[in-house]
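User: I am new to this structure and would like a careful, close look at a single part of it. Please take the sheet and what packs around it, and lead me through it step by step.

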Amino acid sequence: MADSPDQVVHFLRDLAQRARPFAEKDMAELRDFARDECDLPDLQAWDVAYVSEKLKEARYAFSDQEVKQYFTEPTVLKGLFGLIEKLFEVQIQPDSAPVWHESVRFFRIERAGQLIGQFYLDPYARVGKRPGAWMDDVRGRWTRPDTQGTQTPVAHLVCNFAKGVGDKPALLTHDDVTTLFHEFGHGLHHMLTQVNDIGVSGISGVEWDAVELPSQFMENFCWEWDVVHQLTSHVDTGAHLPRALFDKMVAAKNFQSGMQTLRQIEFSLFDMRLHAEPESDANVQKVVDEVRAEVAVNIPPAFNRFQHSFSHIFAGGYAAGYYSYKWAEVLSADAYAAFEEAATAESGVLSPEVGRRYRETILEAGGSRSAMENFKAFRGREPRIDALLRHQGMS
Ligand SMILES: [Zn+2]
């Protein structure tokens with residue numbers, strides 16, 4: 001999606017400049033805490049992770065176990081399906097198909113009685129199952145040359161949640177819920193497509209620095225009070241998540257967001273310069289040093305050889321692509337901001353009009369146009385970094 005290394009470097013430097021005051025504030029807060037509470041008057045690079053953990057515990061701690069009691073699986077799924085139905089003008093219903101395990105469920109997505117797509121949901125961890133969470137396509141949408149009929153898309157949505165104990169429903173952590181929304185974002189990208197050419201329908205043919213837009217977009221709803229409220233009912237009492245607990249979760253999410261942003265930029269800028277500058281392979285340490293001097297607030301000691309274990313960019317498929325994490329966050333936050341801007345008292349952020357526009361320009365169009373064209377068709381302009389900064393408490 002990015003046109004040139006220059007465009008990426010410019011984006012990273014712009015973001016670094018905007019995040020810097022917040023990172024400096026994070027660092028100052030950490031130094032104060034180290035001095036006052038940890039007997040470390042001269043905080044060193046190797047103390048940062050430990051002291052950060054202590055500070056987080058002291059200021060922003062909440063119990064994952066307590067939060068879990070509210071995110072009961074049937075309520076979460078009902079809330080998620082309801083949100084998708086309202087935003088994207090579809091209905092999700094149970095369907096039937098042969099499955100590979102008794103806990104796997106099958107659903108169909110319809111609009112006005114017409115089948116649009118189907119998906120398998122395999123939510124629970126079990127012995128022998130691959131860990132993690134992912135969406136994968138079973139088949140894509142296309143006009144079949146043999147029958148001239150439309151083949152509708154089918155997806156797998158796979159997670160590894162802990163199954164409910166006894167007759168209790170599964171209880172999801174907030175991370176689990178976010179993961180579920182994320183994978184559904186990929187799933188919707190694949191299943192709501194209206195493209196009939198298999199090479200560019202659904203998630204096919206989408207630039208890989210834009211594939212996380214629909215998934216990270218969905219994560220935003222997990223931080224929206226009106227939505228989260230609807231996703232919760234306490235396993236014993238049926239009560240919604242208390243607002244005070246939610247506020248603590250948001251504060252913990254934004255903990256050290258300035259420092260974390262600069263750290264991601266440090267990795268991204270190092271990666272991009274390494275691949276874009278012809279002489280850099282002979283000067284790896286020099287490039288690291290320069291990037292750190294430019295963006296880092298926490299400079300590691302001279303003997304640090306971070307670059308030797310940055311396997312993402314030489315063994316992880318992210319060569320000259322590490323920036324895409326932040327890039328996709330900017331896109332998804334800015335797309336979500338369109339919903340925030342259109343929010344009303346009665347429907348909150350779930351505006352059907354904006355939902356329709358998002359669906360038609362981004363989800364349904366998929367790889368049939370460039371990701372930038374899709375984004376501009378939705379937003380009426382190129383992406384801006386403001387929404388991401390605001391969502392992460394940096395504004
Ligand atoms: Zn993803």
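Analyst:
**The sheet and its surroundings**

Five strands make up an open sheet, in the order β1-β2-β3-β7-β4, and the pairing within it is mixed. At its edges stand β1 and β4 (134–139), each of which pairs on one side only. From one strand to the next the twist averages 25°. The model is a predicted one, and what follows describes that model. As for its place in the chain, the division is into domain 1 (5–61 + 254–322) and domain 2 (67–248), and the C-alpha centres of domain 1 and domain 2 lie 34 Å apart.

It helps to walk through the pairings one at a time. Strand β2 (residues 105–111) and strand β3 (residues 114–124) run antiparallel and are joined by seven bridges. Along this pair, R105 stands opposite L121 in β3, while E110 stands opposite L115 in β3. The two strands, β2 and β3, form a hairpin that leaves two residues between them. One residue of that loop between β2 and β3 is A112, whose phi is near 50°, a positive value in a residue other than glycine. This deserves notice because most residues other than glycine have a negative phi. A112 counts as exposed because it has 8 C-beta neighbours inside 10 Å, and 12 or fewer is the cut-off for an exposed residue.

On to the next pairing: β3 is joined to strand β7 (residues 154–161) by six bridges, and here the strands run parallel. Within this pair, Y120 has H156 in β7 as its bridge partner. β7 also pairs with β4, in the antiparallel sense and over five bridges, with M135 and L157 in β7 as bridge partners.

Beyond β3 the chain enters the loop between β3 and β4, where A125 lies. With 11 other C-beta atoms within 10 Å, A125 is exposed. Its contacts, leaving out residues up to four places away in sequence, are with N160, F161 and A162. The C-alpha atoms of A125 and F161 are separated by 5.5 Å, although the two residues are 36 residues apart along the chain.

Now for the helices around the sheet. Helix α5 (174–191) lies across β2, β3, β4 and β7, and runs at about 170° to β7. Helix α4 (residues 73–88) has 16 residues, which at 1.5 Å a residue should span 22 Å, and its end C-alpha atoms are 22 Å apart, in agreement with that expectation. After α4 comes E89, which has a positive phi, near 55°.

How do these two helices meet? Two packed helices are described by the angle between their axes and the distance between the axes. For α4 and α5 the angle is about 35° and the axes are 12 Å apart, and α4 passes α5 in a right-handed crossing. The contact is made by V76, L80, I84 and F88 in α4, which meet V177, L180, F181, F184 and L188 in α5. The spacing along the chain of the residues on the α4 side can be read against a general rule: an α-helix has 3.6 residues a turn, so residues three or four places apart point the same way.

The buried residues of α4 are E73, T75, V76, L77, G79, L80, L83, I84, L87 and F88. Here buried has a set meaning, namely that 20 or more other C-beta atoms lie within 10 Å of the residue's own. What covers these buried residues includes β1 (91–94), α5, α7 (225–231) and α13 (352–363), so the edge strand β1 is among the elements that cover α4.

For comparison, two places elsewhere in the chain can be described in the same terms. Helix α12 (residues 324–341) has 18 residues and should span 26 Å at 1.5 Å a residue; its end C-alpha atoms are 25 Å apart, which agrees. This helix α12 is mostly covered, with 13 of its 18 residues buried. D39, in the loop between α1 (5–37) and α2 (48–60), has a positive phi of about 55° although it is not a glycine. With 7 C-beta neighbours inside 10 Å, D39 counts as exposed.

Note on methods. Residues are numbered from 1 along each chain as its sequence is written. This is a predicted model: local features need pLDDT of at least 70, side-chain atom pairs count only at pLDDT 80 or more; totals for chains, interfaces and linings use all residues. Helices (H or I, at least four residues) and strands (E, at least two) are DSSP runs, numbered from the N terminus. The expected span of a helix is 1.5 Å times one less than its number of residues. Two residues are in contact if their C-beta atoms, placed from the backbone, lie within 7 Å. Domain bounds come from an automatic or database domain assignment. Two strands pair if DSSP finds at least two bridges between them. Axes are lines fitted to C-alpha atoms, for helices over the stretch in contact, and angles run from 0 to 180 degrees between N-to-C directions. A crossing is left-handed if the near helix is turned anticlockwise from the far one by less than a right angle, and right-handed if clockwise.
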